[in-house]
Amino acid sequence: MLACGALICAVSIGAATAYLTATASATNPFSLDTDLKIELTEPSFSPEAAKGMKPMQTTAKDPTVTNKGSVDAYVAVDVSVPVFSGDALVDGMVAPQTDTDLFTYAVDPAWKQVGEAKLADGQRTYRYLYDAKLASGASTPSVFDAVTLANLTEDVGISEAAINVVAHAIQSEGFASAAEACSAYDTQAHASVSMDD
């Protein structure tokens, strides 16, 4: 009787500490969109027109970025201009120049220069940021429309020169502004296209 009573007591204590339990799960399909592609074109540039340029001559050059992917992006463009040292006509006076841009251009207001230009290896590189999101299929205005050769007054020892243009893109999602996206791009490049003329 005592043993039987102890067993009933143990069973009732065990039953008192039992809990109801349940589990549930959900599986949701996700699809990824990683289609970030850009194209850099210069619709008006003519290699023939760029041959044999004379001081103060202007020729068309219109770097334009198009979003060829499905991901909205922020874009920036690096423009590297060769520099020269020698005499040139500046403000109506012949004056010696040192590391002066061989070509000049007028930047479209939709593009803003970021930071200071960097001089290295005979070229000065400028970075320009397009301040708006570039939607899929959309194109930026050209960074500039034409370039003009400096008003050289002597041979500065340059017979061939190239203006190098490199476009960069980073997804717009996750960034509050183009400037924030550009800063993040400096540590991680997602897409680039280069063009040498």
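Which strand holds Phe84? Phe84 is found in strand β4, which spans residues 73-90. The model is a predicted one. This residue is a good place to enter the fold.

Phe84 is buried, because its relative accessible area is 3% and the cut-off for burial is under 20%. What surrounds it? Neighbours within four places in sequence are set aside here. Phe84 then contacts a run of residues made up of Gln97, Thr98, Asp99, Thr100, Asp101 and Leu102. Phe84 also touches Ala150, Leu152, Val156 and Ile158. Take Thr100 from that list. Phe84 and Thr100 stand 16 residues apart in sequence. In space, their C-alpha atoms are 5.3 Å apart.

Now step back to the whole chain. The protein has 197 residues, of which 34% count as buried. Two helices and 12 strands make up its secondary structure elements. Along the sequence they follow the pattern α-β-β-β-β-β-β-β-β-β-β-β-α-β. How much of the contact network spans long stretches of sequence? Consider contacts between residues at least 6 apart in sequence. Of these, 73% join residues at least 24 apart.

One sheet can be followed strand by strand. Three strands form an open sheet in the order β2-β10-β6, with antiparallel pairing. The edge strands are β2 (58-60) and β6 (103-104), and each of them pairs on one side only. Strand β10 covers residues 146-149. Three bridges join β10 to β2, and the two strands run antiparallel. On the other pairing, β6 and β10 are linked over two bridges, again in the antiparallel sense. There, Thr104 stands opposite Thr148 of β10.

Thr59 shows the β2 side of this sheet. Thr59 lies in strand β2. The bridge partner of Thr59 in β10 is Val147. Is Thr59 buried or exposed? Thr59 counts as buried, because its relative accessibility is 7% and the limit is under 20%. With neighbours within four places in sequence left aside, Thr59 contacts Ala146 and Val147. Its other contacts on that basis are Ala49, Ala50 and Met53.

Two of those contacts lead on to empty space. Rolling a probe the size of a water molecule over the atoms shows where such space is left. The largest pocket holds about 570 Å³ of space. Of its 25 lining residues, the closest to the centre are Ala50, Met53, Phe103, Ser159 and Ala161. Ala50 and Met53 are also contacts of Thr59. What is the lining of the largest pocket made of, by class? It has 15 nonpolar, three polar and seven charged residues.

The second largest pocket offers about 210 Å³. It is lined by 10 residues. Nearest its centre lie Asp33, Thr34, Val71, Gln171 and Glu173. By class, this lining has two nonpolar, four polar and four charged residues.

There is enclosed space too. How many cavities of 30 Å³ or more does the structure hold? It holds one. The largest cavity has a volume of about 60 Å³. Its lining includes Tyr74, Val75 and Ala76. Leu129 is another lining residue, as are His168, Ala169 and Ile170. Ala178, Ala181, Cys182 and Tyr185 complete the set. By class, the lining has 10 nonpolar, one polar and no charged residues.

Which elements supply that lining with at least two residues each? They are β4, β11 (164-171) and α2 (178-185). Strand β4 is also the strand of Phe84. Helix α2 gives the most to the cavity lining, with four residues.

The four deserve a last look. Ala178, Ala181, Cys182 and Tyr185 of α2 are buried. Why do they sit on the same side of the helix? They cover an arc of only 100° around the axis, and that puts them on the same side of α2.

Technical notes: Residues numbered from 1 in each chain as written. Predicted model: local features only at pLDDT ≥ 70, side-chain atom pairs only at ≥ 80, totals over all residues. Heavy atoms only, no water. Buried < 20%, exposed > 50% of the residue type's maximum accessible area, 1.4 Å probe, protein only. Contact = heavy atoms within 4.5 Å. Pairing = 2+ DSSP bridges. 1 Å grid on protein atoms, 1.4 Å probe; cavity = no way out; pocket = protein on both sides within 12 Å on 5 of 7 lines; lining within 4 Å. Points joined across faces, edges and corners; volume = space filled by probe spheres on them. Nonpolar A, V, L, I, M, F, W, Y, C, P; charged D, E, K, R; others polar. Arc of directions from axis to C-beta.
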